[in-house]
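User: Please take a close look at the largest cavity in this model. What lines it, and what is the chain around it like?

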Amino acid sequence: MNKKIITIPITVIVLVFIVNFSLESTPDEDNGVAFHVTLANSNLYVNGSYTEKFTVKEGNYIFRFVPNGSSPEILSISLNGPNFDFYEDFKLRSIPHQTGISEYFTWEYDGQKTILVSEIQEVTININPNGNVMGSVSVDILENKEA
């Protein structure tokens, strides 16, 4: 009986490790991540904006944001390449949620979140928080596999 009591938890722990390692994330390219940055430090901004170059292949893409209540109210993003130009002022919107005994808020950015790239090219992304370099936000550009 004691062997069963000890064997069952050990088996469960081994299975958890196996499942955890098999689900471990693959490189960003396999996950469809074309670009990612978490802007949580004002040192990441030069002259009030964040700029980086990356290569994007032909396809449909979508912006994904992870904002919070202190994120910039307006996040201006431009993408420029040899055959591609995009600009949008994303506006932060709070969404109230009622639980019956309390209210809480989630946050999202409104704006044109989908883009179409016609060919592989190097693009420059410029993210301007319009003066709010202290508010944190993560910005991703992901392959839109549903398009």
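Analyst: A residue counts as buried when its relative accessible area is under 20%. By that cut-off, 30% of the 147 residues of the chain are buried. Keep in mind that this is a predicted model.

Now the cavity. The structure holds one cavity of 30 Å³ or more. The space in the largest cavity is about 50 Å³.

Next, its lining. Phe 54 and Val 56 take part, along with Leu 79 and Phe 84. Further along the chain come Ile 115, Val 117, Val 123 and Ile 141. Sorted by class, the lining has eight nonpolar residues. Polar residues are absent from the lining, and so are charged ones.

Which strands each supply at least two residues of this lining? They are strand E2, which spans 50–56, and strand E7, which spans 114–117. Phe 54 and Val 56 fall within the E2 range. Ile 115 and Val 117 fall within the E7 range.

Step back to the chain. Its secondary structure consists of one helix and nine strands. The helix stands at the N-terminal end of the order, and the strands follow it. Written out from the N terminus, the order is α-β-β-β-β-β-β-β-β-β.

Contacts span long stretches of sequence. Take the contacts between residues at least 6 apart in sequence: 73% of them join residues at least 24 apart.

Last, the outside. The chain has an accessible surface of about 9,700 Å². Carbon and sulfur atoms account for 55% of that surface.

Technical notes. Residues numbered from 1 in each chain as written. Predicted model: local features only at pLDDT ≥ 70, side-chain atom pairs only at ≥ 80, totals over all residues. Heavy atoms only, no water. 1 Å grid on protein atoms, 1.4 Å probe; cavity = no way out; pocket = protein on both sides within 12 Å on 5 of 7 lines; lining within 4 Å. Points joined across faces, edges and corners; volume = space filled by probe spheres on them. Helix = DSSP H or I, 4+ residues; strand = E, 2+ residues; numbered from the N terminus. Nonpolar A, V, L, I, M, F, W, Y, C, P; charged D, E, K, R; others polar. Buried < 20%, exposed > 50% of the residue type's maximum accessible area, 1.4 Å probe, protein only. Contact = heavy atoms within 4.5 Å. Areas by Shrake-Rupley, 256 points an atom, 1.4 Å probe, with all protein chains shown as cover.
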